[in-house]
Amino acid sequence: MSSYAVSGVSREVPSVPSPLELAPDSKDKLDPELLALPDPPRRERTLTVVVLAFAAVLSLAMVFALRRDVAYALASRTPAGVGELRTASEETLAANENRMVRADGMLGAAGGIRYERPFLDDTFRTLGVAGRDDIWVDVRVPAGQESGRWEPPRAFTGRLVRFGGAGPRHRGLASAIERATGSTVPPGAWLVVDGEEPESARWTTLLAAMFLGFAAWNAVAIARIVRKVT
């Protein structure tokens with residue numbers, strides 16, 4: 001392979017002037033192509049922020065509505081004894097609100113309601129405690145036992161809660177009793193949901209976590225939209 005010497009070529013690479021050096025007045029001039037671009041869609045951006053904020057508020061409202069059910073799902077599985085429901089004091093009931101309790105009592109067959117739930121063969125009855133108009137018991141009747149000879153139990157183990165905080169499955173139960181029987185459920189009346197254990201409410205924790213995550217995602221999306229680009 002032949003070789004030859006190259007001379008007369010400088011070893012220094014000449015510097016290339018930057019665009020600012022070629023056009024020193026470019027700092028004071030705006031690119032006409034940038035000026036020709038349309039303005040940012042402010043109306044669409046505002047609408048997006050409003051929709052995201054509304055969705056976040058609804059998600060937080062659902063978390064707030066499920067707070068009692070989540071608290072019961074995380075409560076102790078050991079039932080607290082409240083004794084005879086007919087003679088139980090308001091202080092005893094309030095001390096065990098939204099907890100799993102064990103109680104006794106005689107239920108009045110008259111004045112109650114019977115209802116069903118989708119996808120279940122069992123039926124349910126909500127009956128008042130004899131001698132009290134402010135305590136009701138929701139009892140599950142297994143399929144095949146619903147007949148004229150059915151007798152309500154006298155011992156109950158389940159969730160003690162007020163009608164207003166009975167959860168999604170019992171929401172509107174007080175108004176249904178009033179429509180069916182014509183009697184009035186007093187404000188702040190108690191409901192014992194027989195057989196409802198904390199494990200049966202575990203699904204509410206997942207649902208509340210999903211809504212909370214959805215609200216957080218919307219908040220992050222709003223922050224990214226309104227953030228100024230520097």
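**Note on the predicted model**

1. From the N terminus on, the elements of the chain run α-α-α-α-β-α-β-β-β-β-β-α-β-α. This amounts to 7 helices and 7 strands. The coordinates under review are those of a predicted model, and every value below is computed from them. Of the 230 residues of the chain, 30% count as buried. Among contacts with a separation of 6 or more, 66% are made by residues 24 or more positions apart.

2. Strand β4 deserves attention. It covers residues 123-128, and 5 of its 6 residues are buried, so the strand is largely enclosed by the rest of the structure. Two strands pair with β4. On one side of the account is strand β3 (residues 113-116), which pairs with β4 in the antiparallel sense over 4 bridges. Strand β5 (residues 135-141) also runs antiparallel to β4, and 6 bridges join the two.

3. Particular residues fix the register of these pairings. Within the β3 and β4 pair, E116 stands opposite T123. For β4 and β5, L127 in β4 is placed opposite V137 in β5.

4. Both connections are hairpins. Between β3 and β4 there are 6 residues, and F119 in that turn has a positive phi of about 65°. The hairpin of β4 and β5 likewise has 6 residues between its strands; in this turn G131 has a positive phi of about 90°.

5. How many aromatic pairs does a search of the whole structure find? The search returns 2. In one of them, the ring centres of Y115 and F124 are 5.5 Å apart and the planes lie at 15°, so the pair is stacked. Y115 and F124 are both buried. Y115 falls within the residue range of β3 (113-116), and F124 within that of β4 (123-128).

6. The rings of F214 and W217 have centres 6.5 Å apart and planes at 10°, so this pair is stacked. A centre distance of 6.5 Å is also the limit within which rings are taken to pair, a point to keep in mind when reading this entry. Both residues lie in helix α7 (residues 202-226), 3 residues apart, or about one turn of the helix. Are these residues buried or exposed? F214 counts as partly exposed, at 41% relative accessibility, and W217 is exposed, with a relative accessible area of 54%.

7. F214 also takes part in a contact with another helix. S59, whose place is in helix α3 (residues 42-65), is in contact with F211, F214 and A215 once its neighbours within four places in sequence are left aside. The relative accessible area of S59 is 3%; the cut-off for buried is under 20%, so S59 is buried.

8. A65 is also in helix α3. With a relative accessible area of 32%, A65 is partly exposed. Its C-alpha lies 8.4 Å from that of G167, although A65 and G167 are 102 residues apart in sequence.

9. Two arginines have their charged ends over aromatic rings. The charged end of R117 sits over the ring of F124, 4.1 Å from the ring centre; F124 is the residue whose ring is stacked with that of Y115. The charged end of R67 sits over the ring of F64, 3.9 Å from its centre.

10. Which residues line the largest pocket? They are R117, L120, F124, D138, R140, R169, H170, V193, D194, G195, E196 and S200. R117 and F124, the partners in the charge-over-ring arrangement, are thus both part of the lining. β5 and β7 (190-194) each supply at least two lining residues. The space in this pocket comes to about 160 Å³.

11. A search of the whole structure finds 1 cavity of 30 Å³ or more. The largest cavity has a volume of about 70 Å³. Its lining consists of D69, R159, A166, G167, P168, R169, H170, E196, A201, W203 and T204. R169, H170 and E196 appear in this lining and also in that of the largest pocket. G167, named above for its C-alpha distance to A65, is another residue of the cavity lining.

Technical notes. Residues numbered from 1 in each chain as written. Predicted model: local features only at pLDDT ≥ 70, side-chain atom pairs only at ≥ 80, totals over all residues. Heavy atoms only, no water. Buried < 20%, exposed > 50% of the residue type's maximum accessible area, 1.4 Å probe, protein only. Pairing = 2+ DSSP bridges. Contact = heavy atoms within 4.5 Å. Phe/Tyr/Trp six-rings, centres within 6.5 Å; stacked < 30°, edge-to-face > 60°. Lys NZ or Arg CZ within 6 Å of the ring centre and 35° of its normal. 1 Å grid on protein atoms, 1.4 Å probe; cavity = no way out; pocket = protein on both sides within 12 Å on 5 of 7 lines; lining within 4 Å. Points joined across faces, edges and corners; volume = space filled by probe spheres on them.
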